[in-house]
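Visitor: I am new to looking at protein models, and I would like to be walked through this one with questions and answers. Could we start with what surrounds the ligand and then go on to the empty spaces and the backbone?

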Amino acid sequence: MTNKNQAIPYKIFLTEDELPKHWFDLRPDMKNKPAPMLHPGTHQPCTAQDLQPVFCDGVISQELNTTESFIEIPEEVRNFYKMYRPSPLVRAYCLEKALGTPAKIYYKFEGTNTSGSHKLNSAIAQVYYAKEQGITSLTTETGAGQWGTALSMACAYLGVDLKVYMVKVSSQQKPYRKAVMETYGAQVIPSPSDTTAVGRKILEAMPDTGGSLGCAISEAIEVATTTPNCRYVLGSVLNHVLLHQSVIGLETEAAMAKYDIHPDVIIGCAGGGSNLGGLIAPFMAKKLRGEENIRFIAVEPASCPSFSRGRFAYDFGDTGQTTPLIKMYTLGSGFIPAPNHAGGLRFHGMNSVLSQLYHDGFLEAKAYPQNEIFEAARQFARCEGILPAPESSHAIKAAIDEAMACKERGEEKTILFGLTGTGYFDMAAYMAFNDGTLSDYIPTDEELAKGFATLPPVKE
Ligand SMILES: *Cc1c(COP(=O)(O)O)cnc(C)c1O
């Protein structure tokens, strides 16, 4: 049923019957498929067998899928989704008014659950497949903490044990994040730690290190591969994570269809690409089939510009250079964003599907320095009420810029962006911004060259 002639409400919801029953994979619609993941030793395409020591079987078949467009969401996962979904699709009337723009702005808000972000959509699916296979414990890493929190919630719900390796500085700076995870029953270990061989080796060499995401990943993978009935799970970058996040785009598509709304521009922030990939999936399919001409924009920090200044090459997913090789836009696995960077989205690479789409001109990219991001966050908080995560604020900034361009040209375009989460645990960054002590840092070409020098030599 479409309500063409009705006024569009502030929030568009879906009934339980209208919730998606399948996830959507974009790969079957792509003429140029993303290049296959390669085994780091042999440089041959990864097989399911190669991935089995690390990942759960259910997600491996999803990771390697290129032919099935629709994959059923298991009933138990759908029931969990019902507790916090559908997420609202909001018409940003107040922001439109504040900007004085003729553009119509919509955002899909994923911050209504306790983890405060979209990451729960994939966490619950990944824990479900682990449990189905008889896996009794999981390991992962977390930096800012959203992924660790989401996974703790999912593990508590399904009764699976969880060890979270949390970057040491982050666990010191965000003690409340750690407390939330522990409340849900997860064991949170500041990384590097003495619980793994790789952690002990790093501690011996650098006893005072605050840790890094790359190091936490290496610790989590070591535990997963040396503990019986244990696997490792990842919250972004990989294609099965994008698949689970397609629930965001499918709900948006269904809600928009109810009021016959057609977005002209779709915007998302991009760290490893999971929320952006999930939001745009069904809309990008229409563009690839030539049914709709929509612009898609990925927004990233100027201090970690994987798309806008990266190389399209095979690279490792971790600093320790142990993961399979992924063909993606990357700054090199040795790239580390400047220490003053507070805005999240720090990963050096980008999901392979999005990388291929960017390479083929279907997706645009924009990069902003962090003070502009926090200005947009503040403006949004003051008129729309929600305190956004710094990551999400990249999408807000680009949406505001698009809306202002519409104002200049007198265009009534429809803009949709993904508001991935809330920023309650990012108040140290907000405090620095409020005090005027947040600084911008844009890496020079020479600095980026150091990251590119860590790219592995791969013959294609
Ligand atoms: C993790 C996270 C992101 C970035 O991850 P993607 O995989 O690129 O979506 C963005 N926003 C929030 C709130 C996050 O927690």
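Guide: Before we count residues by class, note that Ala, Val, Leu, Ile, Met, Phe, Trp, Tyr, Cys and Pro count as nonpolar, that Asp, Glu, Lys and Arg count as charged, and that the others, Gly among them, count as polar. Please also keep in mind that this is a predicted model.

Visitor: How many polar residues does the shell around the ligand have?

Guide: The ligand is surrounded by 17 residues, and the closest are Lys119, Ser236, Ser274, Asn275 and Thr420. Sorted by class, this shell has 4 nonpolar and 2 charged residues, while its number of polar residues is 11.

Visitor: Which residue has a backbone N or O atom that lies 2.7 Å from an oxygen atom of the ligand?

Guide: Polar contacts are pairs of N or O atoms within 3.5 Å, so a distance of 2.7 Å falls inside that limit. Side-chain N or O atoms of Ser274 lie 2.7 Å from a ligand oxygen atom, and the side chain of Asn275 also places an N or O atom 2.7 Å from an oxygen atom of the ligand. The residue that uses a backbone N or O atom at 2.7 Å is Gly271.

Visitor: What part of the area that the ligand exposes when taken alone is buried by the protein?

Guide: The contact with Asn275 is one place where the ligand meets the protein. Taken alone, the ligand exposes 390 Å², and the part of this area that the protein buries is 94%.

Visitor: Which domains each give at least three residues to the shell around the ligand?

Guide: The shell is not drawn from one domain, since at least three of its residues come from each of two. These are domain 1 (52–65 + 118–232) and domain 2 (84–116 + 243–452).

Visitor: Which helices each supply at least two residues of the lining of the largest cavity?

Guide: A search of the whole structure finds 3 cavities of 30 Å³ or more, and the largest has a volume of about 110 Å³. Its lining includes Phe24, Asn239, Gly277 and Val353, and by class it has 7 nonpolar, 3 polar and 2 charged residues. The helices that each supply at least two lining residues are H11 (239–258), H12 (274–288) and H14 (352–359).

Visitor: How many charged residues are in the lining of the second largest cavity?

Guide: The second largest cavity holds about 40 Å³ of space, and its lining includes Pro301, His341, Tyr368 and Asp440. By class, there are 5 nonpolar and 5 polar residues in this lining, and the number of charged residues is 1.

Visitor: Which strand supplies at least two residues of the lining of the second largest pocket?

Guide: About 240 Å³ of space lies in the second largest pocket. Of its 17 lining residues, the closest to the centre are Ala35, Pro36, Met37, Glu63 and Asn239. Helix H2 (57–64) supplies at least two residues of this lining, and so does strand S13 (326–330).

Visitor: Where is the proline that is joined to Ser191 by a cis peptide bond?

Guide: The bond between Ser191 and Pro192 is cis, with omega about 5 degrees. Another cis peptide bond runs from Arg85 to Pro86, and Pro86 is in the loop between helix H3 (75–84) and strand S4 (89–91). Pro192, for its part, lies in the loop between strand S8 (187–191) and helix H9 (197–205).

Notes:
Residues are numbered from 1 along each chain as its sequence is written. This is a predicted model: local features need pLDDT of at least 70, side-chain atom pairs count only at pLDDT 80 or more; totals for chains, interfaces and linings use all residues. Side-chain values use heavy atoms; hydrogens and water are left out. A residue is near a molecule or strand if one of its heavy atoms lies within 4 Å of it. A polar contact is a pair of N or O atoms within 3.5 Å; within protein, one must be able to donate a hydrogen and the other to accept it, and residues adjacent in sequence count only if both atoms are side-chain atoms. Accessible areas come from the Shrake-Rupley method with a 1.4 Å probe; for residues, only the protein chains shown count as cover. Domain bounds come from an automatic or database domain assignment. On a 1 Å grid over the protein atoms alone, a cavity is a set of points where a 1.4 Å probe fits but cannot get out, and a pocket is an open set with protein on both sides within 12 Å along at least five of seven lines; lining residues have an atom within 4 Å of a point. Grid points are joined across faces, edges and corners, and a volume is the space filled by probe spheres set on the points. Helices (H or I, at least four residues) and strands (E, at least two) are DSSP runs, numbered from the N terminus.
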